Amino acid sequence: MNNNAIISNNAHQDNFFGELQNTRFQYFDTFPNTDKALPGWIIDYRNELHQWNGTQWINLAQNYVHPDYPLTNNPFQTDQTSGLLLLSQLLTNSSGHVIKVAGRNLTNADIVSIFLNDATQSGTYTWSSNKIKTYIENLVGQSLTGALIYQPGGYIPSGTKGSMTAPTPVTSANIKTGMVWVITSNGWVGNEPVSAGDHLIANTDNASNVPKNYQIIEKGIPDIVDATDAVKGIIQLATNNEAIAGVDTTKAMTPSSTKAALDAKIRSKTLEIGDGLSTSFTITHDWDTQNVDYICYRIADNRKINVSCMPVSKNKVQIDVLAPLTLNEYRITLTARLN
């Protein structure tokens with residue numbers, strides 16, 4: 001059996017460079033005598049391998065063959081393009097082999113059964129929207145006892161004496177005791193006149209548009225209006241520029257804007273004159289006007305003194321006296337009103 005590098009061991013095994021390639025076992029049509037046989041002897045008995053275990057022959061040829069049970073209409077054999085396919089049935093035979101597979105799409109009922117449970121309150125389940133709505137309305141209903149429940153949107157009263165429009169509740173489907181609306185315009189609630197800012201309070205459930213079922217609370221303060229020279233009210237403050245312009249008749253001035261207006265309209269400058277030699281003094285004011293007034297006092301006795309004051313330009317005046325003044329003998333104040 002030698003064939004190039006193939007080594008045969010007693011013509012039963014072929015080895016190629018140490019790699020076992022073929023093994024042959026002795027063939028029998030009948031089981032051989034086992035009087036001197038050792039456990040582990042393997043023979044080919046009618047084309048099936050058998051092994052002697054010391055007491056009996058063990059058939060090694062009973063190879064497992066997986067049975068073929070073809071599945072028809074298997075929903076998992078094709079791609080799922082929409083929804084979520086759930087395994088709904090897995091059927092096996094008595095040998096444990098699968099013979100049927102079925103599936104169905106996930107439904108809202110499946111989700112509800114997993115997550116929703118209106119019968120319990122826990123950290124595992126949640127409630128349906130109907131359950132939550134009922135729960136909140138019950139809480140609101142309980143809070144109405146002895147409490148005022150503000151209703152957004154306000155209340156528009158009837159324009160006709162003796163009639164009433166029914167208010168619209170926002171926090172409940174029905175009017176309940178304690179609901180309160182702010183009246184948004186003048187009008188009537190039955191025979192009671194009401195004005196904007198008054199409050200309408202329900203004193204019974206399902207009050208509808210029956211005036212006796214409501215309490216009216218007047219706002220108790222005058223209407224807030226813009227202030228005029230005859231009526232108290234709200235007034236807006238003027239800016240510095242508006243105060244300087246002096247044309248706005250609806251805004252008020254603050255000390256700051258008043259100062260800005262005076263600074264912009266009136267100029268004033270005070271200084272002391274006299275150097276022991278001079279009888280003429282030039283004073284620079286930089287007010288760009290020749291309409292300058294003055295007042296002069298002798299500092300020693302605060303006596304008012306008449307001097308000559310003449311503008312020499314729009315930014316300077318000249319003060320003249322008859323005799324030289326001692327050092328800082330006079331105090332003179334220049335003023336000017338600008339347009």
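Which residues does Y330 touch, not counting residues up to four places away in sequence? Keep in mind that we're looking at a predicted model here. So, the list: Y330 touches L271, E272 and I273, then C296, Y297, R298 and I299, and also I305, V307, V321 and L325.

Y330 sits in strand 24, which covers residues 330-337, and it belongs to the largest nonpolar core, a set of 16 residues. Y330 is among those with the most contacts inside that core, along with I273, I283, V307, I319, I332 and L334. If you go by elements, two or more residues come from each of strand 19 (280-284), strand 23 (316-320) and strand 24. Strand 24 gives the most, with 4 residues. Apart from this core there's another one, of 12 residues, and M164, I175, I183 and A207 are among them.

Okay, back to strand 24 and its partner. Strand 20, residues 293-298, runs antiparallel to strand 24, and 6 bridges join the two. One pair to click on is Y294, which stands opposite L334. You've just met L334 as one of the well-connected core residues, those with the most contacts inside.

Strand 20 also pairs with strand 21, residues 303-305, again in the antiparallel sense, this time over 3 bridges. There, Y297 stands opposite K304. Those two strands make a hairpin with 4 residues between them, and N302 in the turn has a positive phi of about 55°.

Now jump to the other sheet I wanted to show. This one is open, has 4 strands in the order 4-5-6-7, and its pairing is mixed. Strand 4 (27-28) and strand 7 (57-59) are the edges, each pairing on one side only. Further in, strand 5 (residues 42-45) and strand 6 (residues 48-52) run antiparallel, joined by 4 bridges. I42 stands opposite Q51 there.

Last stop, helix 4, residues 255-265. Which of its residues are buried? They're S257, A260 and A261. Why do I say they're on the same side of the helix? Because they cover an arc of only 95° around the axis. The general background is that an α-helix has 3.6 residues a turn, so residues three or four places apart point the same way. What do the buried residues of helix 4 pack against? Helix 3, residues 240-245. Spin the view to the other side of helix 4, and you'll find P255 and K259 exposed.

That's my tour, happy to pull any of it up on screen.

Notes: Residues are numbered from 1 along each chain as its sequence is written. This is a predicted model: local features need pLDDT of at least 70, side-chain atom pairs count only at pLDDT 80 or more; totals for chains, interfaces and linings use all residues. Side-chain values use heavy atoms; hydrogens and water are left out. Two strands pair if DSSP finds at least two bridges between them. A nonpolar core is a set of buried Ala, Val, Leu, Ile, Met, Phe, Trp, Tyr and Cys residues joined through side-chain atoms within 4.5 Å. Buried means under 20% relative accessible area, exposed over 50%, partly exposed in between (1.4 Å probe, protein chains only). Contact means heavy atoms within 4.5 Å. The arc is that of the directions from the helix axis to the C-beta atoms.
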